[in-house]
Amino acid sequence: MKIELRSDTFTLPTAGMREAMFSAPLGDDVFGEDPTVNALEEKVAKIFQKEAALFCVSGTQSNQIAISVHVSKGQEVICDELSHIYLYEGGGIMANAGASVKLLKGDLGRLNVGQIRAAISPDDIHACESRLVSLENTVNKGGGSIYTSEALQEISDFCRSIDVPLHLDGARIFNAIVETGQTPAQFGNWFDTISICLSKGLGAPIGSILVGSTDFIKKARRVRKRLGGGWRQAGLLAAAGIYALDHQVERLKEDHARARVIASVCEKLPWVKSILPVATNIVIVELPVGMSSVDKVAELKEKGIYCSPFGPTYVRFVTHLGFDDAALQAFTERISE
């Protein structure tokens, strides 16, 4: 048995999802005529109580579209130093929006309102104008860490008080929602725009949704076209997203429970120095000084355990719907050998 823990993007469509995909009514989405894409966009906008939504290829695309609409050339985006939009999106903030980035050091990738307040540039022609605050929830590099409702409300209130938009990279937002009891409507109220991945824990094969106001999404659709992101008969993929939202949200709790078991097993291993707090479906293990994460990942692969190096001395395991109790038992046996 191959034990796949590199990412929750390795999920495969379930039988029910495949059936929904192949029975979906189709049209040309560039003309706005794919009924299944339209249904998905309307569904997600309603869930988060936003006016409109846009179906995109990936979370990177939806994040970069959002930044390009919010920010003009020469302005800046404020985010944590661990943010996906900074580390893993190919320099898109600069390449696509022509914007600068102000990096802050938060708690496992989570910023607080005091840090953001201090980071806002003064009204001075010498300064780069602060034009967007972007948060990530859950935080990938923070081991799946989650913001509290209180922290998000404070940040949201502050950003609105100074008229600076607040964007959420919510690639794993439903992991946060099922763990905390927070609601999509709350996130829709806190944030001006949200990027929501369908292709991670929710198990769709591809796609992310960007939500915001009607005017914002109209501009976003133009940017998506400019980036070559116009779909044709994309309803096949949109149907998978609809199925995922209808059937595969609550089961994310199972991924979190299995991640906690992985952490409890790993903390007993002699080659594990520490483990970041496990809040959702990501387990990040720290290795002792002098031990290479690349070498450890290669060693585990020989045992059939696939995971990822996450820096020179860190290894990441990510649970998902393709990692069941049988796989967890096999993991426990093999990693302890």
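Helix H8, residues 173-180, is mostly covered, with 6 of its 8 residues buried. Keep in mind as you browse that this is a predicted model. From H8 we can move to the nonpolar cores, then to the ring pairs, a buried arginine and a patch on the surface.

**Helix H8 and its cover**
- The buried residues of H8 are Ile173, Phe174, Asn175, Ala176, Ile177 and Val178.
- Their cover includes two strands, S6 (166-170) and S7 (193-197), along with helices H9 (184-190), H11 (235-247) and H12 (252-266).
- Just after H8 comes Gly181, which has a positive phi, near 85°.

**Nonpolar cores**
- The largest nonpolar core holds 52 residues, and Ile173 and Phe174 of H8 are among those with the most contacts inside it, as are Leu40, Phe55, Leu135, Phe187 and Phe191.
- Helix H11 supplies the largest share of this core, with 6 residues.
- Another core, of 25 residues, lies apart from it; Ile262, Ala263, Val272 and Phe331 are among its members.
- Back in the largest core, Phe187 touches two residues of H8, Ile173 and Ile177, and its other contacts beyond four places in sequence are Phe48, Asn137, Leu152, Leu168, Gln182 and Ile194.

**Aromatic pairs**
- Searching the whole structure turns up 5 aromatic pairs.
- One of them is Phe55 with Trp231: the ring centres are 4.8 Å apart and the planes meet at 5°, so this pair is stacked.
- That pair links distant parts of the chain, since Phe55 sits in strand S2 (residues 52-56) and Trp231 in the loop between H10 and H11, 176 residues apart.
- Phe55 counts as buried at 0% relative accessibility, and Trp231 also counts as buried, at 10%.
- Phe187 and Phe191 make another stacked pair, with ring centres 6.4 Å apart and planes at 10°.
- Phe187 is buried at 0% relative accessibility, and Phe191 is buried with a relative accessible area of 0%.
- Ring pairs join Phe187, Trp190 and Phe191 into a cluster.

**A buried arginine**
- Arg224 belongs to helix H10 (residues 214-226).
- With a relative accessible area of 3%, Arg224 falls under the 20% cut-off and so is buried.
- Beyond four places in sequence, Arg224 contacts both members of the first stacked pair, Phe55 and Trp231, as well as Asp29, Leu54, Cys56, Gln61, Ile65, Gly229 and Gly230.

**On the surface**
- Tyr86, Leu87, Tyr88 and Leu103 make up a nonpolar patch on the surface, together offering about 340 Å² of accessible area.
- Tyr88 is found in the loop between helix H4 (84-87) and helix H5 (92-97).
- Tyr88 is partly exposed, at a relative accessible area of 38%.

Definitions and conventions:
Residues numbered from 1 in each chain as written. Predicted model: local features only at pLDDT ≥ 70, side-chain atom pairs only at ≥ 80, totals over all residues. Heavy atoms only, no water. Patch = residues over 30% accessible without salt bridge, like charges linked within 9 Å, V, L, I, M, F, W, Y side chains within 5 Å. Areas by Shrake-Rupley, 256 points an atom, 1.4 Å probe, with all protein chains shown as cover. Salt bridge = Lys/Arg side-chain N within 4 Å of Asp/Glu carboxyl O. Helix = DSSP H or I, 4+ residues; strand = E, 2+ residues; numbered from the N terminus. Buried < 20%, exposed > 50% of the residue type's maximum accessible area, 1.4 Å probe, protein only. Contact = heavy atoms within 4.5 Å. Core = buried A, V, L, I, M, F, W, Y, C linked by side-chain atoms within 4.5 Å. Phe/Tyr/Trp six-rings, centres within 6.5 Å; stacked < 30°, edge-to-face > 60°.
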